[in-house]
Amino acid sequence: MLHSQRWHCDLQTGSMLHCGARFLHRRVLTLWSPQVPTQKPSSSKTVPETSSKKPQSSSSLNLDDGKVFRLKTNWELSRGLLVFFLCSSPWLVQKAPKLLSFTRRILGRRLWTSALRLTLYGQFVAGETHKEIKETLQRLQHLGVRPLLAVPIEEDVGEEKEGEGWYDKNAQSMITCLDLSVGGAPNPMMQLKVTALMAAELCVSTVGCIKEQLLGYAVEKGVRVLVDAEYTYINPALTLTLPAFCILFIILPGNPQNDTVERLKQDVALAERLGVSFGIKLVRGAYLNKERKLAKEKGYPDPIQPSWEATNESYRHCLDFGLDQVSQGKERFEMIVATHNEASVTHAVQRMSQMGINKNAGPISFGQLLGMCDQVSLALGQAGYAIYKSIPYGSVEEVIPYLIRRAHENQSVLLGIRKERDLLRLELWRRILRRP
């Protein structure tokens with residue numbers, strides 16, 4: 001959490017900065033604000049230019065021409081270009097905590113917050129108030145994208161918070177997240193990290209338990225809870241804990257490692273023996289640098305795949321195993337293909353078409369992060385596939401440190417945004433030059 005530090009100045013200067021921040025924020029929104037028309041059932045003129053088209057077939061899913069960016073506003077294109085330019089610099093990403101702390105002292109809290117709301121925060125975060133969050137969810141649904149709300153709270157070993165009050169407060173935040181998720185889309189979902197609800201040491205040393213009231217409330221509201229896998233030294237406890245809850249609740253863990261395919265098969269077999277549903281959010285993983293550093297320091301085998309190619313191969317095997325489970329008619333198996341890798345998405349789409357898997361209401365869906373990989377997300381949504389965006393929310397002070405941690409863990413993803421940045425630039429130039 002960034003400390004609240006103010007630039008000491010006289011009352012007149014502080015007032016001018018406050019007014020300047022408000023003026024800048026309003027002026028930018030006036031010139032470049034999202035012109036998303038309100039939906040009126042009596043008029044067809046409020047529908048965006050491409051939303052009236054019929055969903056594409058899987059064979060026509062195009063991730064290269066960038067035409068889906070015509071759904072974006074001028075402001076969204078410009079902001080995306082600026083943010084991706086900043087995020088594509090490894091130096092800026094590494095120095096982000098110090099730079100943000102320095103600029104906060106110079107600008108003051110209000111101007112600093114306004115600048116972030118117009119850039120990083122606005123690109124990757126749904127908002128702070130319930131009204132802002134609902135507006136973001138409605139805008140995404142209008143584009144054929146489903147929301148997957150995430151409370152940006154977690155803890156690592158050695159970062160214990162003082163007292164149970166912190167965890168109880170987080171549990172209440174999860175309840176609020178559940179309420180916001182209700183009615184957001186077909187099969188509403190939310191995601192959480194267990195270390196936001198119990199001490200990380202407890203996850204490592206004992207089975208522990210997830211707040212019963214949270215999961216019971218999720219069942220009552222019809223919201224599926226995705227439990228994120230975390231560091232490899234925490235995951236064994238999650239493996240022990242979650243199957244117990246699967247008897248009553250739907251939990252979807254997942255985090256590929258070297259032995260992922262075999263562990264996935266074992267977990268599916270266990271779910272079948274228990275007679276419960278099994279779901280997985282299939283991701284390529286994170287925490288790579290820290291995991292390798294810890295393995296070297298403590299002398300245990302490196303849990304990370306040896307190469308990028310090996311990671312892709314492992315992911316493909318897991319993906320194919322999941323698709324085979326669905327094609328065999330196993331109704332209690334569901335999978336979220338959570339990846340920004342276009343080759344993986346294309347492979348899944350092609351196999352779903354070959355197997356006749358329902359792309360909208362079936363057990364297979366896709367997932368990406370809010371503010372990234374929109375050439376894939378929007379193309380899938382417009383083609384009628386079930387696509388979710390992982391959406392953090394909260395105040396600037398709460399979410400920005402979370403975003404920085406994610407950026408440090410996923411620098412390879414940030415370095416791969418060149419294609420999206422180029423497509424955004426092409427679309428902006430098309431509008432400036434008034435080309436058809």
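Welcome! Select Ser181 and show what surrounds it: beyond its neighbours within four places in sequence, Ser181 is in contact with Leu149, Pro188, Met189, Met190 and Val223. Keep in mind as you look around that this is a predicted model.

Stay with Ser181 a moment longer. This residue belongs to helix α7, residues 165-181. Is Ser181 buried or exposed? Its relative accessible area is 5%, under the 20% cut-off, so Ser181 counts as buried. Now show the side chain of Ser181, which reaches the backbone oxygen of Cys177 at 2.8 Å.

Next, select residues 387-392, which form strand β7. Here 6 of the 6 residues are buried. Turn on the side chains: Ile387, Lys389 and Ile391 point one way, while Tyr388, Ser390 and Pro392 point the other way.

Which strands pair with β7? Add residues 146-150, strand β1, which pairs with β7 in the parallel sense over 5 bridges. Look for Pro147, whose bridge partner in β7 is Lys389. Then add residues 364-369, strand β6, also parallel to β7, with 4 bridges. In this pair, Phe366 stands opposite Ile387. Follow the chain from β6 through helix α15 (residues 374-382) to β7, and you trace a right-handed β-α-β crossover.

For the last stop, select helix α12, residues 288-298, and colour its buried residues: Glu291, Leu294 and Ala295. Look down the axis of α12: these buried residues fall within an arc of 100°, so they line one face of the helix. The face turned away from them carries the exposed residues Asn289, Lys293, Lys296 and Glu297. Just after α12, find Gly299, with a positive phi of about 75°.

Notes. Residues numbered from 1 in each chain as written. Predicted model: local features only at pLDDT ≥ 70, side-chain atom pairs only at ≥ 80, totals over all residues. Heavy atoms only, no water. Buried < 20%, exposed > 50% of the residue type's maximum accessible area, 1.4 Å probe, protein only. Helix = DSSP H or I, 4+ residues; strand = E, 2+ residues; numbered from the N terminus. Arc of directions from axis to C-beta. Polar contact = N/O pair within 3.5 Å; in protein donor to acceptor, adjacent residues only side chain to side chain. Contact = heavy atoms within 4.5 Å. Pairing = 2+ DSSP bridges. Right-handed = clockwise from strand over helix to strand, strands pointing away.
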